Amino acid sequence: MLEALSDIGRIARTGGYRRDAWSPADLELREWFRQEAARRGLDLDEDRNGNLWAWWRPASAGASAADSGVVTGSHLDSVRDGGAFDGPLGVASAFLAVDLLRARGFEPVRPLGVVCFTDEEGARFGVPCVGSRLLTGVLDPDRARRLTDDEGDTLADVLDRAGRRPGDLGADPETLARVGVFVELHIEQGRALHEPVGVAEGIWPHGRWRFDFQGEANHAGTTALADRDDPMLAYARAVLDARAAAERHDALATFGKVRVEPGSANAVPSRVSAWLDARGADEERVRRLVAELAASGPGAADVACESWTPEVVFDASLRDRVAAVASAALASTDFTPGSGSYATSGVAAVPTGAGHDAGVLAVAGVPTAMLFVRNPTGVSHSPREFAEPADCHAGVVALAAVLEDLCRG
């Protein structure tokens, strides 16, 4: 299934992907999702925020479309020049888990859903998990409509061109109420997982801040150094200060995006806007790190928080249940996919610094768990992102077992 997506949004020069929300590539991926749902006879819904839901509803006469169900899935958009697994692995595994359950003759007694959340990465408009944040009411719809991409188009403009109704954006308690429990499968994005499959303990608190450094545009060839008001110098200091502050606070800080105005090679900039991503094991150290950076120099004219995700601690009882069911399923499965025999000593619980839609739903009160598939390189948000076919297979086996267990009640 991932091979079927391999050419969509691919950057020939790097081998990575550009799958911005609501771009032609994203719309093609959304159509793929619709086709996969139709191929399985699943009922497809698109909610008011553009999230796609494919439902396998019980055949019992008393079943209702409004019943609380078990949901799995992930997202299909990517970071700029991202890899093939972050997001799509969870969606493809969800459909394959449905196939596996049907092949066993399983019939759910509660609805089973596969979801594709829109704009999880925030690559285009700067705010991550837009679909799930709008769904749960965390993101104000007026602010969402005003979000602007690098071309100056607002999210409202883009949705209008895609045939959607921007005025519909907003909290959707009716759709959210249908999610009785959510399990997201995702590639692990570091080196913490040493078994083929693991479960998430929680998600570190993290956020994005925009730093605007003001200066004065001038000619690069005629303006003396002493006469320059160059905001690039303040930005350069901030990059180094961020690394030093991260080390002091045992946290993570990255300036990964920068916009220079007017952006001419032969002009001193008038303005530099840079986006800081900061994460840590607890909120206090992250907030303290950002506060130090904001106060560290006169060049930082303005610092604004564009998104914040608090610490997520997944429900311990659900996490332990998922781990136990997945471990039992893998221990009892006899298969030798691809590169050789498959073995595991269990399903370990690991923390993560990466944000996910699962974290947004957990904060909103939805019982939530995550399964991770091992990443042998430890590299993510890069074309080098990778998971072994055998481990992906194991992820589907584990996910199917968990869904079967949860769908029994």
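The paragraphs below lead from the protein as a whole to a few of its residues.

The model is a predicted one, and its mean pLDDT is 92, with 94% of the residues reaching 70 or more. One stretch stands apart in this respect, since over residues 337–342 pLDDT stays under 50, and for these residues the model has 11 contacts beyond four places in sequence. Where pLDDT is low, the predicted coordinates should not be read in detail.

The secondary structure of the protein is made up of 11 helices and 15 strands. The C-alpha trace spans about 80 × 45 × 40 Å along its principal axes. For 409 residues, a compact globule would have a radius of gyration near 22 Å, and the value for this protein, 22 Å, therefore agrees with that expectation. Of the 409 residues, 54% count as buried, and the accessible surface comes to about 17,200 Å², of which carbon and sulfur atoms hold 50%. If one takes the contacts between residues at least 6 apart in sequence, 76% of them join residues at least 24 apart. As for charge, the protein carries 42 positive and 61 negative charges, and the mean positions of these two sets are 1 Å apart.

Some residues show how parts of the chain that are distant in sequence come together. Valine 396 belongs to helix α11, which covers residues 389–407, and this valine counts as buried because its relative accessibility is 10%, below the 20% cut-off. Apart from residues up to four places away in sequence, valine 396 touches Ser93, Leu96, Ala97 and Leu100. Valine 396 and serine 93 are 303 residues apart in sequence, yet their C-alpha atoms are 5.4 Å apart in space. Helix α2 runs over residues 88–103, and the loop between this helix and strand β4 (112–117) is the place of proline 108. This proline is buried, with a relative accessibility of 4%, and, leaving aside its neighbours within four places in sequence, its contacts are with Trp56, Pro58 and Cys407. Between proline 108 and glycine 395, which are 287 residues apart in sequence, the C-alpha to C-alpha distance is 20 Å.

Histidine 356 gives another view of a buried loop residue. It is found between β14 (348–352) and α10 (357–363), and its relative accessibility is 2%, so that it counts as buried. Not counting residues up to four places away in sequence, histidine 356 touches Glu120, Cys129, Glu184, His186, Gln189, Ile203, Met370 and Phe372.

Other residues are partly exposed. Aspartate 320 lies in helix α9, which covers residues 316–331, and with a relative accessible area of 45% this aspartate is partly exposed. The C-alpha atoms of aspartate 320 and glutamate 201 are 9.7 Å apart in space, while the two residues are 119 apart in sequence. Asparagine 218 has its place in strand β8, residues 218–219, and at 35% relative accessibility it too counts as partly exposed. Beyond residues up to four places away in sequence, asparagine 218 touches Thr223, Asn266, Ala267 and Val268, and its C-alpha atom is separated by 8.6 Å from that of aspartate 229, 11 residues apart along the chain.

The last part of this walk concerns the backbone. Most residues other than glycine have a negative phi, and most peptide bonds are trans. Against that background, aspartate 250 has a positive phi of about 50° although it is not a glycine. This residue is found in the loop between α7 (231–249) and β9, and it counts as exposed, with a relative accessibility of 58%. Strand β9 itself covers residues 252–261, and the loop between this strand and β10 (267–268) holds proline 262. The peptide bond from glutamate 261 to proline 262 is cis, with omega near 0°. Histidine 381 also has a positive phi, near 55°, and is likewise a residue other than glycine. Its place is the loop between β15 (368–373) and α11, where, at 40% relative accessibility, histidine 381 counts as partly exposed.

Methods: Residues are numbered from 1 along each chain as its sequence is written. This is a predicted model: local features need pLDDT of at least 70, side-chain atom pairs count only at pLDDT 80 or more; totals for chains, interfaces and linings use all residues. Side-chain values use heavy atoms; hydrogens and water are left out. Helices (H or I, at least four residues) and strands (E, at least two) are DSSP runs, numbered from the N terminus. The radius of gyration is taken over C-alpha atoms; the globule rule is 2.2 Å times the number of residues to the power 0.38. Buried means under 20% relative accessible area, exposed over 50%, partly exposed in between (1.4 Å probe, protein chains only). Contact means heavy atoms within 4.5 Å. Accessible areas come from the Shrake-Rupley method with a 1.4 Å probe; for residues, only the protein chains shown count as cover. Lys and Arg count as positive and Asp and Glu as negative; His and the chain ends are not counted. The place of a charge is taken as NZ of Lys, CZ of Arg, CG of Asp or CD of Glu. pLDDT is the predictor's confidence in each residue, from 0 to 100.
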